[in-house]
Amino acid sequence: DFLERAIGGEYRRALGDQRGTLGVRAFVTGYEAAINANTTDTRGFELIYSRDMSELWSWNVSGGTQRSDFAYTSGGRRIRGTDDTPIFGLGLNKRGERSSMRAELARRMSPDSLGFVAPRDEVRVAWKRAMSARVNGGLALRAIDAAGTPNVVNSDRRYGRAELDVEWQLRPTWSFVASYAYA
């Protein structure tokens with residue numbers, strides 16, 4: 001059981017040729033886990049460049065850094081410290097009339113089930129399809145390599161995740177979304 005709070009903002013600007021955009025994103029997070037009395041505060045920034053290659057294909061690349069200040073209990077002792085982690089992303093998108101596909105390779109800092117905020121390297125492939133005018137479906141497959149905390153033995157994890165979701169638009173302003181994830 002943990003509590004995570006996050007807030008951030010992003011500014012994007014279309015470049016002169018109108019096919020590319022450049023953005024900057026700043027964010028802060030707070031994380032608390034009862035299992036190991038963990039309190040972790042992070043802050044970071046990221047530069048993002050996106051470009052349309054054609055009406056169907058686009059790509060994006062991002063890079064930045066995230067700093068975490070942490071304090072947790074392990075083996076009966078209190079451990080405090082800071083960690084700077086580079087973050088990045090590289091994505092490829094394909095849009096169609098009724099469907100879209102996204103492939104992404106990324107590194108992010110996020111909470112794990114062991115009670116730590118850890119860097120995660122992730123490969124993700126996702127598909128979305130409009131099955132009718134009001135019903136959309138999606139499938140995402142992810143492979144994740146979560147680096148653990150250096151002071152905690154056996155905190156590294158490698159796993160996969162499959163996600164399936166259906167979105168049904170009830171009215172123009174209301175939708176019902178059901179999803180299932182298996183890790």
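User: What makes Glu122, Arg142, Arg161 and Glu163 a network?

Analyst: Happy to start there! Glu122, Arg142, Arg161 and Glu163 are linked to one another by salt bridges. A salt bridge here is a side-chain nitrogen of Lys or Arg within 4 Å of a carboxyl oxygen of Asp or Glu. Before going on, please keep in mind that this is a predicted model, where local features need pLDDT of at least 70 and side-chain atom pairs count only at pLDDT 80 or more, while totals for chains, interfaces and linings use all residues. Residues are numbered from 1 along each chain as its sequence is written, and side-chain values use heavy atoms, with hydrogens and water left out.

User: Why is the contact of glutamate 122 with arginine 142 called a salt bridge?

Analyst: Their closest N and O atoms are 3.4 Å apart, and the limit is 4 Å, so the pair qualifies. Glutamate 122 sits in strand 7 and arginine 142 in strand 8, so this pair ties together parts 20 residues apart in sequence. Strands, like helices, are DSSP runs numbered from the N terminus (E, at least two residues, for strands; H or I, at least four, for helices).

User: Are glutamate 122 and arginine 142 buried or exposed?

Analyst: Both glutamate 122 and arginine 142 are buried. The term means under 20% relative accessible area, with exposed over 50% and partly exposed in between (1.4 Å probe, protein chains only).

User: How do you know that arginine 158 is exposed?

Analyst: Its relative accessible area is 71%, and the cut-off is over 50%, so arginine 158 counts as exposed. Arginine 158 forms a salt bridge with aspartate 145, with the closest N and O atoms 3.5 Å apart. That pair links distant parts of the chain, arginine 158 in strand 9 (residues 157-171) and aspartate 145 in strand 8, 13 residues apart. Aspartate 145 has 30%, which lies between the two limits, so the label is partly exposed.

User: What about glutamate 10 and arginine 12, which meet in a salt bridge: why are they called partly exposed?

Analyst: Glutamate 10 has a relative accessible area of 40%, and arginine 12 has 40% too. That value falls between 20% and 50%, so both are partly exposed. Their side chains meet at 2.3 Å, N to O. The structure holds 14 salt bridges.

User: Why is the aromatic pair of phenylalanine 2 and tyrosine 31 called tilted?

Analyst: A search of the whole structure finds 3 aromatic pairs. In the pair of phenylalanine 2 and tyrosine 31, the centres are 5.3 Å apart and the planes 50 degrees. Rings of Phe, Tyr and Trp (its six-membered ring) pair if their centres lie within 6.5 Å; planes under 30 degrees apart count as stacked, over 60 as edge-to-face and the rest as tilted. The distance is within the limit and the angle falls in the remaining range, so this is a tilted pair.

User: How do you know that strand 7 and strand 8 pair?

Analyst: Pairing asks for at least two bridges found by DSSP, and 11 join these antiparallel strands, so they pair. Tryptophan 127, for instance, stands opposite leucine 139 in strand 8. Strand 6 and strand 7 (residues 117-130) pair over 13 bridges, also in the antiparallel sense.

User: What makes strand 1 and strand 10 edge strands?

Analyst: The open sheet has 10 strands in the order 1-2-3-4-5-6-7-8-9-10, with antiparallel pairing. Strand 1 and strand 10 (174-182) each pair on one side only.
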